[in-house]
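Please open the model in your viewer and keep the sequence panel beside it. The stops below each begin with a selection and then describe what is found there.

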Amino acid sequence: MSIFKKGFVGRIMIIGFIIAFLFTADAGRLFYIQIIKGEDYKNKAESQQLSDTEIEAKRGTIYDSEGNVLAQSATVWTVFLDPSNINQETTRTKVVDYLASTFGYDDEQKAKLTEKAKAANQYQVVEKNVENRVKEKIAEFVSENKLAKVIGFQEATERYYPYGSLASSVIGFMGEDSGLAGIEAYYNDELTGTNGRLITAKDAKSNSISNDYETTVDPQDGYSLNLTINTTIQYYLEKELQRTLEEYSAKGCYGVVMNCKTGAVLAMASLPDYDCNEPYKITYQKYTDELDKITDATEKTEKQSEYVQRQWRNFTVSDTYVPGSVFKTFMASAVLEEGVATLDTKYTCNGYINVDKYRMNCHYHAGHGTQTLTQGLENSCNPFFITLGQRLGVHNYFKYFDGFGFTQKTGIDLPGEASPQYYEEKQYGIVELSSASFGQTNSLTPIQVCTGLCAIANGGKLMKPYVVSEMKDQDGNTVSKAEPTTIRQVISEDTSKKVCQMMQSVVDNGTGKNAYVAGYKVGGKTGTSTKLGESKEGEKNKYIVSFAAIAPADDPEIAMIIICDEPNVDLGGGAICAPVAATVIKESMAVLGVEPSYTEEEKKTLSVKAPNVIAKSVSDAEAAIKSAGLDCKVVGTGDKITSQSPAAGNTVPSGGQVVLYTSGAEKETVTVPDFTGLTVSQANSLAASSGLNIEISGNASSDALVVAYKQSEDQGKEVDAGTVITVSFKSTKAVLD
């Protein structure tokens, strides 16, 4: 072979090798792009060709037991910019000036908006949670200036609580995208729902194109919840707790009202509380005043955080306390059920009892003398119940302690339920048993105590408490429905009836007289417990006082526990908490449709309806008023009555006065005086001299320690002469039982 041919073949081989190499490299590159990196490039292409927008699902609505909205999601808008479609500086300036003015931006905020309008990204958020009226105003600006490709809107939702702070400890509130407390947190997954998607095709300039290329996945809205909470009962519970909180400058006031037959929670409050719409705002004036005194910024921030956390905390579920003498109702149930005592069992109290090497005092140091079991509960006699506990024995004591549900959580559908703190059966000695028998030693949650009270009231059945009665989907279909759950039979129906009668006697004759409600048989039990170890050196002991109630006592519908934590006076639950229970019971009975049944004595003091005497002659009007058991005062010299106060049909206390006006006479007005601290007779005298009628509510005995503590019209208000003012009375006798 010639040298020429050899060179040619060599060159051909080199070229072939290069071609093969390049082909292999291209094939390898193609394999890398299509196979190894194919998914990545596909996603990049789709991101440039497709717009994937999330459609937010609406959070489920929360309703009360009557269908009133407690929490709902309202439509709001996110306003955003697409800087890539701003072609002229004049347009950018116009857009920035308008949006800054609309949202009330200062210079710094406006400067940040300007930077957003110059950004390379196509989606720049200007504002979130914009109300519809503002969005519509901006949309009009967009339309007039043909800026649809520059300013856009994205629909979203915002949580709104129509009642503000009402039932806040139950409802909770929302964080950025999930519930942070209460029902909002416990049922967060059910309320949240599933977001949808809107996928649209884009052209080379990133503008949306034909709907033919649009795909929508509809969102699934969250489930709606119907609560067992009745807003009327809740309102009066909170109103009375708030009054008590402020009157006694307490650390906190708490309450639970339950349907004792089903376990449904009708009302639950833990004060101080918060506005669900503004959960970080301090609401308790005592906290605000204390914060104002702090000058160090760091200390003030830490204290404010502590107070906010305290407002969020639902004490009735998340904290324990020593129930004190309220626990004697459970001891009475146990000894009657076991046959250790009967209603006729007697004990003589001399003011104390010796247990091992300790002397345990009765709250009444002089001693109650000889008393029956019912009287022992009326008087809240510690030595009596210590003796009963010793007769019952550790095993039987613990049997009922466990039976009433005090060794475990209730399982209520609210977050953060605390575990009870108690002695195990093997840990009891004679001293521990004696102390536990009158309500000391063990710590329980208020919801546990109230659930136990329901068992006493309903014939002996321990019911599981709950706050959500029904769950529905977005179409109104029922997803789940709560049914009353009986955990166990704790005591017999016979024992239940006997203890209810004993509790009624506590209100009629004992330490619970401030819980009296005319027309209803009310059962109750007062309680006081010392917060051992919580007082600083030199300070007085701190107390937590309470009152347990059932109503009506002869056929209970509700059970409740009212608690005041660290009041600033040495008064027991009968003075501080029983009046709260009385108001709540009165309003609850009306809501539940339980008609009053008055005694003959109560009938004598019942209010009557003012007859209609307008257009009657003066003499006929006077006769009609007097025949109704009322007095009257005529103003003017005319022959016929033209108006009256109180108006026809309004209730007036028996023996009260109706003011009658004749033609031409001017209406008389009077200033409401302050009845606070007056006895019943003093209040009646002041009302008469002021030209007013008063209706007595609460403890109306003639005892000098029974005084007015609230009135339906504020002091200093101008009202028509003859107006009826409801004045509530309570005993201020200092009983720390």
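Before selecting anything, bear in mind that this is a predicted model.

**First stop: a bent helix**

Begin by selecting residues 382-403, which form helix α15. If a helix of these 22 residues were straight, it would span 32 Å at 1.5 Å a residue, whereas the end C-alpha atoms of α15 are only 23 Å apart. To see where the helix departs from a straight course, centre the view on Gly-393, where α15 bends by about 100°. With the surrounding chain displayed again, you will find that α15 is mostly covered, with 16 of its 22 residues buried. Then step just past the end of α15 to Gly-405, a residue that takes a positive phi of about 90°.

**Second stop: helices α3 and α5**

Next, select residues 89-102 for helix α3 together with residues 132-144 for helix α5, whose axes lie 12 Å apart and pack at an angle of about 160°. Because angles over 145 degrees count as roughly antiparallel, α3 is described as roughly antiparallel to α5. The crossing in which α3 passes α5 is right-handed. Showing side chains here brings up the residues that meet: Lys-94, Tyr-98, Leu-99 and Thr-102 from α3, and Val-134, Lys-137, Ile-138 and Phe-141 from α5.

**Third stop: helices α9 and α20**

Now move to helix α9, residues 231-247, and add helix α20, residues 578-592; their axes come within 9 Å and cross at roughly 165°. That angle makes α9 roughly antiparallel to α20, and the crossing of these two helices is right-handed. On the α9 side, the residues in contact with α20 include Ile-233, Tyr-236, Leu-237 and Arg-243, while on the α20 side those meeting α9 include Pro-579, Val-580, Glu-587 and Val-591.

**Last stop: Val-317**

Finally, select Val-317, which is placed in helix α12, residues 315-318. Is Val-317 buried or exposed? Val-317 counts as buried because its relative accessibility is 0%, and the cut-off for that class is under 20%. Leaving aside residues up to four places away in sequence, Val-317 touches Met-268, Thr-445 and Ile-447, among others, and its contacts also include Ile-412, Leu-414, Pro-415, Gly-416, Glu-417 and Ala-418. To finish, draw a distance between the C-alpha atoms of Val-317 and Met-268, which are separated by 9.6 Å although these residues are 49 residues apart along the chain.

Conventions. Residues are numbered from 1 along each chain as its sequence is written. This is a predicted model: local features need pLDDT of at least 70, side-chain atom pairs count only at pLDDT 80 or more; totals for chains, interfaces and linings use all residues. Side-chain values use heavy atoms; hydrogens and water are left out. Helices (H or I, at least four residues) and strands (E, at least two) are DSSP runs, numbered from the N terminus. The expected span of a helix is 1.5 Å times one less than its number of residues. The bend at a residue is the angle between axes fitted to the seven residues ending there and the seven starting there. Buried means under 20% relative accessible area, exposed over 50%, partly exposed in between (1.4 Å probe, protein chains only). Axes are lines fitted to C-alpha atoms, for helices over the stretch in contact, and angles run from 0 to 180 degrees between N-to-C directions. Angles under 35 degrees count as roughly parallel, over 145 as roughly antiparallel, 65 to 115 as roughly perpendicular and the rest as oblique. A crossing is left-handed if the near helix is turned anticlockwise from the far one by less than a right angle, and right-handed if clockwise. Contact means heavy atoms within 4.5 Å.
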